[in-house]
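Me: I'd like a close look at a single part of this one, please. Here it is:

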Amino acid sequence: MTATKSFITVAGRTVSILRAGPDSGEPVLLVHGGRAGVSPIAYGSHIWGPALPLLAAGRPVVAVDLPGAGESDLGSPDMLMVDKVCQHLLGVMDALSIGKAHLIGHDLGGYLGLWLAISAPARLHSLSILASPMAPPKGDGLDDITFLAAPKPLWSRASQTWAFERLSYGQGHIDDAVVDACVEAAQGRPHLDAVAALQDEQLRFRDFGISALKGKIWAALRGDGMSVPSQLVWSSHDPQAARDAGYVLFQIMAKKQKATYFHLINRAGSFAFREQPKEFAQVVVSFLDSVDAKLVAGHT
Amino acid sequence: MPSLNFAPVAGQKLPAPKHIDVKGINTRYYDAGEGEPIVFMYGGNFGSSDSASSAPVWSLNFLPLSAGFRVIAFDKIGQGFTDNPVRNEDYTMASVVRHGAAFIEALKLPPVHLVGHSRGGYGCTRIALDYPHLVKSLTIVSSGTLSPRVSPNEVVLSASPYPPYSRESARWIYEGYSYDPKVVTEEWMDNVMDVFAQPKYKVSVQKMVEEGAGARYFIPELAKEKRETLGWLREGRLQRPTQIVWGQNDPTVLPEGCFDIFDMIAAHNRRTTLNIFNHTGHFSYREHPERFNALLAHFVQNASA
């Protein structure tokens, strides 16, 4: 299976997408993670690696580069904010004539999916949140020291490899293909623009608008809850997305949405879809199959 | 992955049961389909006059999955329509495990995908530990018997307000186990009543309760073996792909227990996954059969590849 790179224009900005799989079937929208310009890994659609063909075995898959990542224009610094990114993702779906998709979001992508499931439920068949440290409640958590001593220069080959090692259980998936792609993404105009935009202290403190939107997320989940069937896929050894935090989020979502599932994948860190791709696909595809067959309770 | 319809079809009936002699124990089982063999072991134990599990409890999984796999659901020794243990001292889990393994051997099956629920989850885990050559993968469903934590099932199940061996009593028990009482169907209760109706079943209750085999053998020996089993899991003796399936709303086995089981197994066994279903009590495979079947099919396929 080969993935095809292409470019579309959404609201005047170039968006890079990677496509794989058949033409027919309910589409999957893959949304990568990372805080563009801050994370020591330059994320993008290149992150999905072995998960792409496994997910594309039965349905069309579109992996998008978020604004300021990979080869997608940042446009304005505003486009780093989660609410704006969510609007943008709906625009991407419109441009691709995707009315409704299975959204699978990793890390920040999972957070974006959570807000889309609340704010635009008619656009999602289902939501899969993968190892997202920013989606669960924070409480008075400890500071995140995963990247306390990132080697300089940031986004160099050595520094990104180090960051992958910090976030992973196994090191086998950290191959030239993904590191090369991340180094290339880091040197691209979108990422450089994101880094430059975040020199602004005011913007940096807004932390992508993650906290600002959180209150609306909890209000919605306290209220009517979510109508979209959802699963949380967490890992045994993720230094950032703690499994108890994931399980707490599951319990919050599960109060109002019958079709909510929590899964743990063993011997994986943040990248279960790369570290244990077959077990990842076993869990995720069985869920997508069930939703597509309208077998999952709570399906709307 | 064969394209399967994971949803049970209303009105579809199980095939006629078969019988096989397993070391002198006449054993009833259902057998259908072709492909990777999946063997189901239900929960409960002999000697209950309030409820009774038997092989047809798997009907919602057996039939849809039979389109892509060889599916086998058997009655454990002393339960359903399988003979009772011969000696009082054989009213034990060890005897159930020995019989289950001997049943797989008697059918001359290649290594099987074991699916065990509740006490059957413990039994299947023990078969995977004692007879790994018979086992290709293991699915543990809501097993308080395997959980190192306290399971409050007695709180839910004690002092049924209905007479023993009654349909009302069985319904009360299974509704107590379930998230949505509506999943307790008449078909399910018919199967319980069929089991109650056999003279041999009343003999097993007589042995376990009146003659004290439960207090003398079953309970204390299970407690000892459970200590050994948990030790074996912590040592890493379980060496087959394993998935754990749990109901978030099971009043009888707390979800915390499934994390403990995951940790014990996952520490040594790469292919270990945990799956928690919402709006699900003790019988996930009957409460959400289509979701359970999809998960099991993908797991078995991955474990066979």
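Is H9(B) mostly covered or mostly exposed?

Reply: Before the helix, some housekeeping. This is a predicted model, where local features need pLDDT of at least 70 and side-chain atom pairs count only at pLDDT 80 or more, while totals for chains, interfaces and linings use all residues. Residues are numbered from 1 along each chain as its sequence is written, and chains are lettered from A and ligands numbered from 1 in the order in which they are written.

H9(B) is mostly covered, with nine of its twelve residues buried (20 or more other C-beta atoms within 10 Å of a residue's own, with C-beta atoms placed from the backbone). The buried ones are Pro255(B), Gly257(B), Cys258(B), Phe259(B), Ile261(B), Phe262(B), Met264(B), Ile265(B) and Ala266(B). Helices here are DSSP runs of H or I, at least four residues long, and strands are runs of E, at least two, numbered from the N terminus. H9(B) covers residues 255-266 and reaches 17 Å from first C-alpha to last, close to the 16 Å expected (1.5 Å times one less than the number of residues).

What does the covering? From chain B, the cover includes S6 (135-141), H8 (213-235), S7 (242-247) and S8 (272-277), and chain A brings in its strand S8 (260-265). Contact means C-beta atoms, placed from the backbone, within 7 Å.

Those two S8 strands also meet each other: S8(A) and S8(B) pair in the antiparallel sense over five bridges (pairing takes at least two DSSP bridges). Within that pairing, Ile265(A) has Thr273(B) as its bridge partner.

Notes
Two residues are in contact if their C-beta atoms, placed from the backbone, lie within 7 Å.
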